[in-house]
Amino acid sequence: MKFSLRKSTIAAVVAAITCLSPTVANAQTQAFHDSVVGVSETGEELFLPIATDNDDLNSGTEAVGLSGFPNTATSQDRDTTVGTYSIIGTDDRQKAAPNPAIVQIQRDGFNHCTGWMISPDTLITAAHCLYDVDEQRWTPKLIFRPSDWSQWSYTFASQKWVSAKYPTTGSADHDWGVVKFAKPISSSWFGIKPSDTSSAFSGQKATVTGFPGEKGNSLIRDYGQLWTMSGILQPGTQTRLCYNLDTTGGQSGSPVYTTDNAAIGIHTHGISDLGCPENSALRISPSMLNTFNDIKEIQNNATTDPGSSSGSSSH
């Protein structure tokens with residue numbers, strides 16, 4: 001079954017929210033919500049028209065259960081054959097230990113994208129991992145597996161959300177998505193530090209960790225490999241974080257986070273014309289953070305006990 005978003009419906013929701021939202025005089029101190037559209041596991045279209053201000057959320061959120069995850073790379077794990085579209089010179093990524101807050105997103109049994117938890121049942125990723133702009137439909141057959149779960153355990157999304165502007169524009173400035181699960185899947189998650197100025201975090205150390213699609217030598221059990229790289233952030237733009245950290249396909253949606261495990265961006269693009277000379281992430285703005293928190297607070301039949309598996313693989 002093909003589930004698509006009606007452009008007229010999206011336009012009406014965006015227009016209604018625009019009329020309700022008060023003028024923001026200072027984005028640094030007052031941040032409102034981004035408009036969103038979503039779909040349930042049964043294909044029902046979901047809308048969250050929010051126009052209220054949550055100043056208490058603007059300072060960010062704290063990481064829970066994350067205290068650092070050492071690299072476990074060996075010389076045999078290094079791959080120097082990756083295309084140069086997002087490898088800067090040599091591939092300097094290292095294999096990382098499982099991180100319960102970072103989740104592999106698979107489609108048809110293969111690595112598709114990366115996501116990361118902001119609560120026991122709420123995940124952040126890139127919008128293009130959830131919604132296909134070319135086909136104007138939600139991407140089907142996605143399964144989710146935290147990196148500390150066994151290779152045969154997985155779960156499904158209960159709700160998928162993206163920016164209301166993304167399905168009609170495909171814009172990199174709106175390339176963010178949120179997933180809700182029917183029950184908790186992790187006891188660890190990232191905090192968030194929002195920003196909306198080009199100078200924020202420039203010159204600071206940051207890390208990108210995710211699931212490269214080319215790693216694993218086509219073995220299902222190896223698609224769960226986490227790879228990571230840290231470095232200094234370059235000067236960015238109001239909406240992008242810029243860096244020369246190596247990434248490849250499958251790492252879309254990965255967290256870009258600081259040394260205190262606070263996420264500051266969502267990795268979405270390799271080398272492209274987005275105001276960054278090399279790879280880049282969508283900067284998490286205060287209004288995005290407010291939206292994330294409101295979706296996070298949706299009651300979704302969650303239990304108090306983190307799940308260990310919601311299915312078994314047929315592979």
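Begin by selecting Cys113 and Cys129 in this predicted model: a disulfide joins the two residues, with an S to S distance of 2.1 Å. Display the side chains and look along the S-S bond; the angle about that bond is -85°, and the link of Cys113 and Cys129 is left-handed. Next, colour the elements that carry the two cysteines. Cys113 lies in strand β5 (residues 110-119), whereas Cys129 lies in the loop between β6 (122-125) and β7 (131-132), so the disulfide ties together parts that are 16 residues apart in sequence. With the surface switched on, note that Cys113 and Cys129 are both buried.

How many disulfides are there to visit? The count comes to two. Counted along the chain, the bonded cysteines follow the pattern 1-2, 3-4.

For the second stop, select Cys242 and Cys276. These residues form a disulfide with their sulfur atoms 1.9 Å apart. The link of Cys242 and Cys276 is left-handed, with -65° about the S-S bond. This pair links distant parts of the chain: Cys242 belongs to strand β15 (residues 240-243), while Cys276 sits in the loop between β17 (262-269) and β18 (279-283), and the two are 34 residues apart. Are these cysteines buried or exposed? Buried means under 20% relative accessible area. Cys242 has 1% relative accessibility and therefore counts as buried. Cys276, with a relative accessible area of 8%, is buried because its value also falls below that cut-off.

Now move to the strands around this second disulfide. Select β15 together with β18: the two strands pair in the antiparallel sense over four bridges. To find one contact within this pairing, select Leu241, whose bridge partner in β18 is Ala281. Then add β17, which runs antiparallel to β18 and is joined to β18 by four bridges. Here, select His269, which stands opposite Ser280 in β18. Strand β18 thus pairs with β15 and with β17. Five of the five residues of β18 are buried, so this strand is largely enclosed by the rest of the structure.

The last stop is helix α3, residues 286-296. How many of its eleven residues are buried? Ten are, and the helix is mostly covered. To inspect the buried residues of α3, select Pro286, Ser287, Met288, Leu289 and Asn290, then continue with Thr291, Phe292, Asn293, Asp294 and Ile295.

Technical notes
Residues are numbered from 1 along each chain as its sequence is written. This is a predicted model: local features need pLDDT of at least 70, side-chain atom pairs count only at pLDDT 80 or more; totals for chains, interfaces and linings use all residues. Side-chain values use heavy atoms; hydrogens and water are left out. A disulfide is a pair of cysteine sulfur atoms within 2.5 Å. Buried means under 20% relative accessible area, exposed over 50%, partly exposed in between (1.4 Å probe, protein chains only). Two strands pair if DSSP finds at least two bridges between them.
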